[in-house]
Amino acid sequence: MAEVKKPSSGGGWTRLVTARPRLSLLLALVITALAVLAGSGVGDRMGSGGWEDPDAESTYALEVLEREFPASQPNLLLLVDVSGAGGTGGAGAAGGASPAVDSPAVATEARKLAERLDAEPGVGGVGSYWSTGSPALRSADGRQAVIAARIDGDEKAAGAVLERIAPAFRGTHGPVEVSVGGPLAVRNEMQTIIQEDLLKAEMIALPITLVLLVMVFGSAVAALLPLGIGIVAILGTNAVLRGITELTDVSVFAQNLTTALGLGLAIDYALFVVRRFREELAAGADTRTAVATTLRTAGRTVLFSALTVAVSLAAMLVFPQYFLRSFAYAGIAVVLLAAAAALILLPAALVLLGDRVNALDLRRLFRRRAGAGAGAGAVEREAGAGWARTAGLVMRRAPLFAVATATGLVLLGLPFLGVRFGTADDRQLPATAESRVVQDRLRDAFPGNPGGGITVLAEGAATPGQYARYRERIEAVDGVARVDGPVTSPAGGNTHAYFTVVPEGETVGSDAQRVVGEVRADKAPFTTSVTGAAAVLVDSKDAIGERLPWAAAIIAVVTLILVFLLTGSLLIPLQAVVLNALSLTAMFGAVVWVFQEGHLSGLLGFTSTGDIETTLPVLMFCVAFGLSMDYGVFLLSRIKEEYDATGDHEHAVRFGLRRTGGLITAAAVILAVVMVAIGTSRVTNTKMLGLGVALAVLMDAMVVRSLLVPAVMKLTGRLTWWAPGPLRRFHDRFGISEGGTPATPAPAPPAPATPTPGTPEPGADSAREKEHVG
């Protein structure tokens with residue numbers, strides 16, 4: 001039997017956070033109030049874009065085109081519709097039908113609208129069907145036409161101008177009905193819907209979470225503690241994000257992650273801390289000793305877990321797209337704040353509560369009314385015994401469970417082999433959103449493919465003959481329907497021009513992407529840069545592909561190091577990385593099967609575009625991998641603690657699952673509830689993130705941690721804990737574990753011949769058997 005060190009009753013950190021608990025909580029209340037003020041209005045300062053690489057060729061070309069040819073890059077479209085307006089007939093009207101867009105009354109009203117729009121501050125590049133006569137700006141049935149304009153400024157400034165002018169143009173104007181659309185309107189409406197949906201998600205998640213916490217703890221007081229920690233973490237992160245918006249762009253989508261991780265991880269950490277505190281009280285410790293032991297054991301694990309999750313999220317900082325970087329900002333902030341609240345505020349609250357943490361024990365009240373005689377400890381021991389029996393069954397049939405579980409997870413992930421990547425567009429919005437309705441009408445009723453062209457920027461002096469020969473070469477490229485242009489700079493000098501290349505087929509399909517590559521490969525007598533939806537997608541895929549190995553390496557290497565510091569094993573870190581990655585296969589398979597292929601689209605209320613936005617799988621991997629490590633650390637820390645105490649490998653695995661199985665499952669269910677609430681969003685990308693991560697969390701907790709981990713650890717046996725001498729000595733000096741300073745385990749004692757009913761497991765004394773099981 002290994003030597004077990006007596007828990008310390010105190011320590012510098014414990015004294016620091018518990019010496020004046022009332023003062024600590026008062027300061028926390030003041031800081032939280034300040035965070036509410038500092039973080040107010042953070043959503044209004046966030047952007048809804050960020051999917052493109054800011055250093056890419058397509059981004060550079062777009063910036064030049066916006067500067068030199070503002071009319072070529074309209075971000076505001078007014079759809080002028082005469083179908084339902086009450087105007088009188090004119091040219092094209094017959095038999096009392098609605099007037100066509102060429103009627104004098106409609107043309108007069110449309111020109112007035114265009115003039116008013118052009119007079120608005122910040123608006124330029126105004127053009128319309130009535131001023132240009134372009135057939136691309138008129139619907140095939142002649143009932144609708146478009147006024148296009150560009151609002152200058154960055155995303156926030158342009159959005160403010162749109163909000164100011166849109167009410168004046170939206171609605172009925174004489175014989176026409178006007179709807180507001182265009183890329184800027186899509187982004188603006190998406191931002192508004194996300195904020196509305198986020199509030200709805202919080203209203204759904206908070207009461208359900210509270211009910212689940214009461215069910216887990218059986219005590220209303222204990223249940224309120226994790227919820228309070230989560231709210232503090234969310235409010236603090238909003239203040240942090242508000243500060244970051246002063247320095248760089250932050251995606252509005254990051255607010256969803258703030259809510260999900262703020263509640264989910266804070267609840268995870270608080271569950272772990274409160275449960276260990278209750279165990280120590282049940283074992284007879286006084287309040288301060290129980291808090292000290294909790295911080296020395298569960299507190300170490302919480303800190304360690306927060307670091308692993310933060311590292312997974314920090315890997316997104318290597319990508320150039322601010323959409324991904326925003327999730328790193330939000331994720332790192334909320335994880336560290338959740339851990340800090342669980343390790344500073346929660347111990348102070350526990351010192352003040354003491355045994356009252358079990359106040360309002362609803363389970364005991366229910367048992368009393370039902371006439372049940374069993375105590376809470378007996379119920380919880382039975383629940384823990386169930387997890388122990390599960391672990392025993394899995395380890396007795398370890399090869400079967402390992403092969404069957406791994407095979408099942410791989411099969412669930414097979415649909416991801418057919419993934420097709422695309423770009424985010426208006427179809428993320430609900431079908432009734434105004435800007436979505438405008439874009440749908442442009443796709444269905446207008447000639448050509450609005451927004452689907454490939455634009456080639458030409459820079460440098462060139463002759464008309466050179467432009468003509470270049471256009472002929474591009475027209476000869478396979479897959480090009482036509483080439484329009486060149487349009488030269490109105491400033492003169494022939495130093496800037498652009499061509500519009502219309503590809504055959506889908507806007508961002510494989511053929512359009514191939515056309516982008518061939519156009520870029522053409523050797524023109526002037527400098528060319530290619531942009532457009534297909535070019536943005538090509539550049540985004542290249543940027544992610546180039547940096548993805550770095551992000552994966554950061555996650556893998558740091559995870560290996562941290563898990564080694566926790567366990568002192570060479571094999572367990574490798575198992576952790578492989579099994580965590582395997583737990584994500586169901587999520588990726590479901591994303592393709594549901595969101596790309598469109599299964600369940602009617603039930604879930606979204607429009608399938610036939611592809612997946614390029615950055616979403618990266619985001620979902622980093623978030624889900626970090627959460628998987630969170631649960632993995634909880635389980636491994638208890639297994640390691642028991643192995644250090646007994647030296648019995650199989651018993652340690654059973655004990656670890658017995659002590660944490662219910663806790664991990666409860667935490668996963670609660671986090672899944674939060675993610676599903678996020679998944680009720682009307683924006684498809686948010687729905688995909690919420691539902692996908694919820695599935696990954698449940699698969700990890702209920703399949704990987706419950707079945708695959710004990711099976712694999714049974715197969716690896718005592719080799720699980722092996723490490724070379726130098727690494728073992730390094731761990732003895734620098735490693736951390738829930739049990740404190742690691743001790744070298746003694747050889748496992750011989751097992752009793754046939755234990756009689758009620759005999760404790762090897763190494764598990766009566767005090768352990770009486771511990772509460774979450």
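This briefing covers aromatic contacts and one strand residue in the structure above. The model is predicted, and a search across the whole of it finds 16 aromatic pairs. One of these pairs, formed by Phe272 and Phe634, is described in detail below, followed by a ring cluster, a charge placed over a ring, and the surroundings of Thr488.

**The pair Phe272 and Phe634**
- A pair of aromatic rings is described by the distance of the centres and the angle of the planes.
- For Phe272 and Phe634 the ring centres are 4.3 Å apart and the planes meet at 10°, which is under the limit of 30 degrees, so the pair counts as stacked.
- The contact links distant parts of the chain, since Phe272 belongs to helix α9 (residues 254–282) and Phe634 to helix α22 (residues 616–646), with the two positions 362 residues apart in the numbering.
- Phe272 has a relative accessibility of 2% and therefore counts as buried, and Phe634, at 1%, is likewise classed as buried, the cut-off being under 20% relative accessible area.

**Other aromatic contacts**
- Trp51, Phe253, Phe323 and Phe327 are joined into a cluster by ring pairs.
- Arg116 is placed over the face of Phe169, at a distance of 4.7 Å from the ring centre.

**Thr488 and its distant neighbour in sequence**
- Thr488 is located in strand β8, which comprises residues 480–488, and with a relative accessible area of 34% this residue is partly exposed.
- Although Thr488 and Glu68 are 420 residues apart along the chain, their C-alpha atoms are separated by 9.5 Å in the model.

Technical notes. Residues numbered from 1 in each chain as written. Predicted model: local features only at pLDDT ≥ 70, side-chain atom pairs only at ≥ 80, totals over all residues. Heavy atoms only, no water. Phe/Tyr/Trp six-rings, centres within 6.5 Å; stacked < 30°, edge-to-face > 60°. Helix = DSSP H or I, 4+ residues; strand = E, 2+ residues; numbered from the N terminus. Buried < 20%, exposed > 50% of the residue type's maximum accessible area, 1.4 Å probe, protein only. Lys NZ or Arg CZ within 6 Å of the ring centre and 35° of its normal.
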